[in-house]
Amino acid sequence: MIIDFEKMNGLVPVVVQDSRTLKVLMLGFMNKDAYDKTIETNKVTFYSRTRNCLWTKGETSGNYLNVVSISNDCDNDTLLIKVIPDGPVCHKGTDTCWGEKNETNPLMFLTELQDFIETRYKEMPDGSYTTSLFKDGLNRMAQKVGEEALETVIEAVNGTDERLIYEASDMFYHLIVLLTSKNLRIEDIAEELKKRHNPDWHKH
């Protein structure tokens with residue numbers, strides 16, 4: 001990787017991002033020695049401009065930043081480091097240096113779930129309910145979506161909110177299985193809804 005340390009007198013800014021939530025956690029600076037130590041230890045090390053020394057994030061608190069990936073920008077003078085943090089990042093005790101909560105958007109789990117279901121589709125492990133659905137074929141998968149949709153409607157009309165969420169979850173799961181069997185993604189549904197949100201969209 002080519003990194004231009006000369007542009008800022010031996011330093012480059014480093015944006016640190018949680019690899020799971022995609023939240024930006026903090027901004028720091030590295031010199032060549034800090035970068036080399038980060039590569040060696042797989043824990044983010046910065047260069048302190050006030051103390052004029054290297055410091056590994058977490059060496060005092062224990063909240064290390066464990067490196068997942070490192071990439072540079074188009075000018076080779078800024079780094080993006082994706083990490084898994086061991087705890088709050090800011091010295092004030094907050095998750096990020098902007099005081100934000102570092103939490104996963106629950107909607108992102110739908111993508112994670114389909115990734116898991118796709119793995120089931122490729123590997124077809126014995127004893128898996130998802131595997132049994134794929135083996136039963138398209139008609140059975142479509143039937144299950146219909147059954148779960150009906151149960152969702154029943155709970156919406158006559159049930160509790162808790163039961164509605166439960167049945168809707170079953171419906172979503174079986175729909176994702178069906179989409180996977182057709183080589184489609186939940187993101188394809190999101191893209192279609194995004195198109196429909198445009199005021200110029202007209203129903204086919």
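This briefing walks through a four-stranded sheet and a group of helices. The model is predicted, so please read every value below as computed from that model. We begin with the sheet and one of its buried residues, Val83, and then move on to helix α3 and the two helices that it meets, α4 and α5.

**The sheet as a whole**

- The sheet is open and has four strands, in the order β2-β1-β6-β5.
- Its pairing is mixed, and you can find both kinds in the strand pairs described below: β1 runs antiparallel to β2 and parallel to β6.
- The edge strands are β2 (24-30) and β5 (65-72), each of which has a pairing partner on one side only.
- On average, neighbouring strands are turned by 25 degrees against each other, with direction ignored.
- Helix α1 (residues 32-41) packs on this sheet and touches β2, β5 and β6. The direction of α1 makes about 125 degrees with that of β5.

**Strand β1 and its two partners**

- Strand β1 is mostly covered, with six of its seven residues buried.
- To one partner, β2, strand β1 is joined by six bridges, and the two run antiparallel. Look for Val14, whose bridge partner in β2 is Gly28.
- The hairpin of β1 and β2 has five residues between the strands. Leu22 in this hairpin takes a positive phi near 70 degrees.
- With the other partner, β6 (residues 79-85), strand β1 (residues 12-18) pairs in the parallel sense over five bridges.
- Here Val16 has Ile81 of β6 as its bridge partner, and Asp18 stands opposite Val83 in β6.

**A closer look at Val83**

- Val83 sits in strand β6. Its relative accessibility is 0%, so Val83 counts as buried.
- Val83 and Asp18 are 65 residues apart along the chain, yet their C-alpha atoms are separated by 5.1 Å.
- Leaving out residues up to four places away in sequence, Val83 touches Val16, Gln17, Asp18, Ser19, Leu25, Val44, Leu65, Asn66, Val67 and Val68.

**Helix α3 against helix α5**

- Helix α3 (residues 129-136) and helix α5 (residues 161-181) pack at an angle of about 50 degrees, and their axes are 11 Å apart.
- Angles from 35 to 65 degrees are neither roughly parallel nor roughly perpendicular, so α3 and α5 are oblique to each other.
- The crossing of α3 past α5 is right-handed.
- On the α3 side, the contact is made by Tyr129, Thr130, Leu133 and Phe134; on the α5 side, by Tyr173, His174, Val177, Thr180 and Ser181.
- Sorted by type, the residues of this contact are five nonpolar and four polar, with no charged ones.
- Thr180, found in helix α5, is buried, with a relative accessible area of 3%. Not counting residues up to four places away in sequence, Thr180 touches Gln114, Ile117, Glu118, Tyr121 and Phe134.

**Helix α3 against helix α4**

- The axes of α3 and helix α4 (residues 138-158) come within 5 Å and cross at roughly 120 degrees. That angle makes α3 oblique to α4.
- Tyr129, Leu133, Phe134 and Asp136 of α3 meet Arg140, Met141 and Lys144 of α4.
- This contact divides into four nonpolar, no polar and three charged residues.
- Tyr129, Leu133 and Phe134 are named in the contact with α4 and also in the contact with α5.

Technical notes:
Residues numbered from 1 in each chain as written. Predicted model: local features only at pLDDT ≥ 70, side-chain atom pairs only at ≥ 80, totals over all residues. Heavy atoms only, no water. Axes fitted to C-alpha atoms, helices over the stretch in contact; angles between N-to-C directions. Parallel < 35°, antiparallel > 145°, perpendicular 65-115°, else oblique. Left-handed = near helix turned anticlockwise from the far one by under 90°. Contact = heavy atoms within 4.5 Å. Nonpolar A, V, L, I, M, F, W, Y, C, P; charged D, E, K, R; others polar. Pairing = 2+ DSSP bridges. Buried < 20%, exposed > 50% of the residue type's maximum accessible area, 1.4 Å probe, protein only.
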